[in-house]
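Welcome to a short set of exercises with worked solutions. Keep the viewer open, try each task yourself, and then read on.

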Amino acid sequence: KLENASYNLDSFNSQLHWVGKEISTKTHTGSLTIKNGKINIDADGLINGMAEIDMTSINVTDLKDNAKSYLEGHLRSPDFFHVELYPTAFITFKSENNNIINNTINLSGQLTIKDISHPIHFAAVIISTEPILKAKANLSFDRTKYNIRFRSGKFFENLGDQLILDQIDVDVVLVTKQSF
């Protein structure tokens, strides 16, 4: 069971990496900055928390030079995340119980992108609790639920090898410092 405490996100040491795939097996990878967040653990060991993601920080890590700049610009555009209008995404999460098995706890919450929220469920692995709380999680979401339809097979026909898969995979490492 986790100890009763409150933690603030260490945005410098926390990481968010994403993977997007096309049907042609072409894969793009990148990162985003987690601006801030907090995790609270109550006396029963139950977790609730939130993280704020800076969507203007979209970084493509598998390309260089003009190709990198072009894809970053396209991902920031209205075709995808429309970061000028929606510069921040949010995730809130909580544990259903305080069962930690093999350092893993199941969480549920809400993912908000482009001011659209949907439930999300994922498992987090607790890496350490002293002197910092550090955890990692892998989660996936369907981009079309957040009105990101560009080259989606659900909305467009005859895309062939131009089809972009709807599932986006995200790996997150949250590093926090206890707040007093």
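Leaving aside neighbours within four places in sequence, which residues is Gly37 in contact with?

**Solution.** Keep in mind throughout that this is a predicted model. Start by placing the residue: Gly37 belongs to strand 3. Then look for its partners, skipping the sequence neighbours up to four places away: they are Tyr7, Asn8, Leu9, Met50 and Ala51. Next, check its cover: Gly37 has a relative accessible area of 9%, so it counts as buried. Finally, take a C-alpha to C-alpha distance: Thr92 lies 55 residues from Gly37 in sequence and 9.3 Å from it in space.

**Exercise 2. Describe the overall make-up of the chain.**

**Solution.** Begin with the elements: the chain has one helix and nine strands. Their order along the sequence is β-β-β-β-α-β-β-β-β-β. Now turn to burial, where 43% of the 180 residues are buried. For the surface, the chain exposes about 10,000 Å², with 51% of this supplied by carbon and sulfur atoms. Last, consider contacts between residues at least 6 apart in sequence: 57% of them join residues at least 24 apart.

**Exercise 3. Work out which side of helix 1 is covered.**

**Solution.** First get the dimensions. Helix 1 runs over residues 65-76, twelve residues in total, and spans 17 Å from first to last C-alpha, close to the expected 16 Å. Second, list its buried residues: Leu71, Glu72, His74 and Leu75. These cover an arc of only 165 degrees around the axis, and therefore sit on the same side of helix 1. Third, turn to the other side of helix 1, where Asp65, Asn66 and Tyr70 are exposed.

**Exercise 4. Find the largest nonpolar core and follow one of its well-connected members.**

**Solution.** As background, nonpolar side chains in soluble globular proteins tend to be buried together. Here the largest nonpolar core holds 42 residues, and Ile39, Phe81, Ile113, Phe122 and Phe141 have the most contacts inside it. The element that gives the most to this core is strand 4 (residues 47-60), with six residues. Now select Phe81 and leave aside neighbours within four places in sequence: its contacts are Met55, Ile58, Leu75, Arg76, Tyr86, Ile113, Lys114 and Ile148.

**Exercise 5. Locate the aromatic pairs and classify their geometry.**

**Solution.** Two values are needed, since a pair of aromatic rings is described by the distance of the centres and the angle of the planes. Counting the pairs gives two. In one, Phe93 and Phe122 are 6.3 Å apart centre to centre with 70 degrees between the planes, an edge-to-face arrangement. Phe93 is in strand 5 (residues 88-95) and Phe122 in strand 7 (residues 116-128), so this pair ties together parts 29 residues apart in sequence. Both partners are covered: Phe93 is buried at 8% relative accessibility, and Phe122 is buried at 9%.

Another pair joins Phe141 and Tyr146, also edge-to-face, at 5.7 Å centre to centre and 90 degrees between the planes. Phe141 is buried with a relative accessible area of 9%, while Tyr146 is buried at 2%.

**Exercise 6. Trace the surroundings of Leu107.**

**Solution.** Place the residue first: Leu107 is part of strand 6 (residues 104-113). With 6% relative accessibility, Leu107 counts as buried. Beyond four places in sequence, it touches Phe93, Lys94, Ser95, Ile120, His121, Phe122 and Ala124. For a backbone check, the C-alpha atoms of Leu107 and Ala123 are 5.8 Å apart, though the two residues are 16 apart in sequence.

**Exercise 7. Examine the backbone at His82 and Asp115.**

**Solution.** Recall that most residues other than glycine have a negative phi. His82 has a positive phi, near 45 degrees. His82 sits in the loop between helix 1 and strand 5, and at 21% relative accessibility it counts as partly exposed. Asp115 also has a positive phi without being a glycine, at about 60 degrees. Asp115 occupies the loop between strand 6 and strand 7, and with a relative accessible area of 61% Asp115 is exposed.

Technical notes:
Residues numbered from 1 in each chain as written. Predicted model: local features only at pLDDT ≥ 70, side-chain atom pairs only at ≥ 80, totals over all residues. Heavy atoms only, no water. Helix = DSSP H or I, 4+ residues; strand = E, 2+ residues; numbered from the N terminus. Buried < 20%, exposed > 50% of the residue type's maximum accessible area, 1.4 Å probe, protein only. Contact = heavy atoms within 4.5 Å. Areas by Shrake-Rupley, 256 points an atom, 1.4 Å probe, with all protein chains shown as cover. Expected span 1.5 Å × (residues − 1). Arc of directions from axis to C-beta. Core = buried A, V, L, I, M, F, W, Y, C linked by side-chain atoms within 4.5 Å. Phe/Tyr/Trp six-rings, centres within 6.5 Å; stacked < 30°, edge-to-face > 60°.
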